[in-house]
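Here are a few exercises to work through with the model open beside you. Try each task before you read its solution.

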2 protein chains.
Amino acid sequence: MGEMRIGQLAERAGVTTRTVRYYESLGLLPVPAREGSHRTYGEPDIARLRRIELLKRLGLSLDEVGEVISAYAEESPRAKRRVADVLRRHLAETESKLAELKAFRKELLFRIDLVEAYAERDERRR
Amino acid sequence: MGEMRIGQLAERAGVTTRTVRYYESLGLLPVPAREGSHRTYGEPDIARLRRIELLKRLGLSLDEVGEVISAYAEESPRAKRRVADVLRRHLAETESKLAELKAFRKELLFRIDLVEAYAERDERRR
DNA sequence: CCGTAAGTTGACGTTGACGTAAAGGTAGCG
DNA sequence: CGCTACCTTTACGTCAACGTCAACTTACGG
């Protein structure tokens, strides 16, 4: 009943086997069934890995992913709310960074415009 | 003519002395003047440190800060453009992350609403 | 049966951005 | 003179998130 082994899982989820074992050791992935000594996985594990990678891309640490992923699987509203809280926190952070970044870019683009205006004027005065 | 030493600079810029020396070793801060064996700094160094910390908060690595900070001090349009390029790249990344994060949050809030709706219904049916 | 690819555990290596400890130099105050 | 606060360099420690290597074992096609 083992749909696939660690190599295929890793490839289909876009990670390395090392990463799969590491996540397992951190409890981000459930301890898998074995066929003999080989870990075996199914489709849901791919989905779970992809969720983990998404959460990472969003800037969560693996610890935070741990909180969120386990709560994510649960049905209780309390768990869901915890997930939402973690995400909202990161959303707020990201939004403030974005605002700063935009302000910074604006200032820079402005200065570039200035310099280019000077350059053009110098062109015409030749 | 030494306006302050490393301890005061660090405190006023909100970093540690270790950080100041580290940044100096990376070339993020200019090699400072000395009074005897003690590094001395002025107001511009505070400003520079604050710019560095801002850039870090925006998600740049110290390497990238290095590119940006030196170019930032230069007057040439080419340098300014390089600064803008680095920042635009990070802006794009940040914006895409933000979009994902928003989608994720939306999905979560939706699920929370669902669960809460169930909870309420159960309340009324008691 | 043999070779090869893929899997196993265990342990050490890496990178970035500093922290921290050791072992001392120096400036000012009483 | 001696204390205290602050400074100096050198060097090893840390943490996250894996990479990499060693030394096997297992599974499968020819």
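**Exercise 1. By what turn, and with what RMSD, can chain A be laid on chain B?**

Before we start, a word on what you're looking at: this is a predicted model, in which local features need pLDDT of at least 70 and side-chain atom pairs count only at pLDDT 80 or more, while totals for chains, interfaces and linings use all residues. Residues are numbered from 1 along each chain as its sequence is written, and chains are lettered from A and ligands numbered from 1 in the order in which they are written.

Step 1. Superpose the copies by least squares on the C-alpha atoms of residues with pLDDT of at least 70 in both. A turn of 180 degrees with a shift of 0.0 Å along the axis lays chain A on chain B, and the RMSD is 0.1 Å.

Step 2. Name the relation: that is a two-fold axis.

Step 3. Find the axis in chain A. The C-alpha nearest to the axis belongs to A:Thr94, at 3.8 Å.

**Exercise 2. Work out how many residues of each chain are in contact, and which helix of chain A gives the most.**

Step 1. Call two residues in contact if their C-beta atoms, placed from the backbone, lie within 7 Å. On that count, 27 residues of chain A meet 28 residues of chain B.

Step 2. Look for the main contributor. Helices here are DSSP runs (H or I, at least four residues) and strands are too (E, at least two), numbered from the N terminus. Helix α5 (residues 77-125) gives the most to chain A's side, with 24 residues.

Step 3. Sort that side by type. It has 14 nonpolar residues (Ala, Val, Leu, Ile, Met, Phe, Trp, Tyr, Cys and Pro), 10 charged ones (Asp, Glu, Lys and Arg) and 3 polar ones (the others, Gly among them).

**Exercise 3. Describe α5(A): how far does it reach, and what do its buried residues pack against?**

Step 1. Take the span. α5(A) has 49 residues and reaches 70 Å from its first C-alpha to its last, close to the expected 72 Å. The expected value is 1.5 Å times one less than the number of residues.

Step 2. Pick out the buried residues (20 or more other C-beta atoms within 10 Å of their own; exposed is 12 or fewer, partly exposed in between, with C-beta atoms placed from the backbone). Among them are A:Leu87, A:Thr94, A:Leu101 and A:Phe104.

Step 3. See what they meet: the buried residues of α5(A) pack against α4 of chain A together with α5 (77-124) of chain B.

**Exercise 4. Give the strand order of the sheet in chain A.**

Step 1. Two strands pair if DSSP finds at least two bridges between them. The open sheet of 3 strands runs β1-β3-β2, with antiparallel pairing.

Step 2. Find the edges: β1 (4-5) and β2 (33-35) each pair on one side only.

Step 3. Check one pair. β2(A) and β3(A) are joined by 3 bridges, and A:Glu35 has A:His38 in β3(A) as its bridge partner.

**Exercise 5. Find which residues come nearest to DNA strand C.**

Step 1. Count a residue as near if its C-beta atom, placed from the backbone, lies within 6 Å of the strand. Of the 19 residues around DNA strand C, the nearest are A:Gly7, A:Arg39, B:Arg18, B:Ser61 and B:Leu62.

Step 2. Sort this surface: 3 nonpolar, 10 polar and 6 charged.
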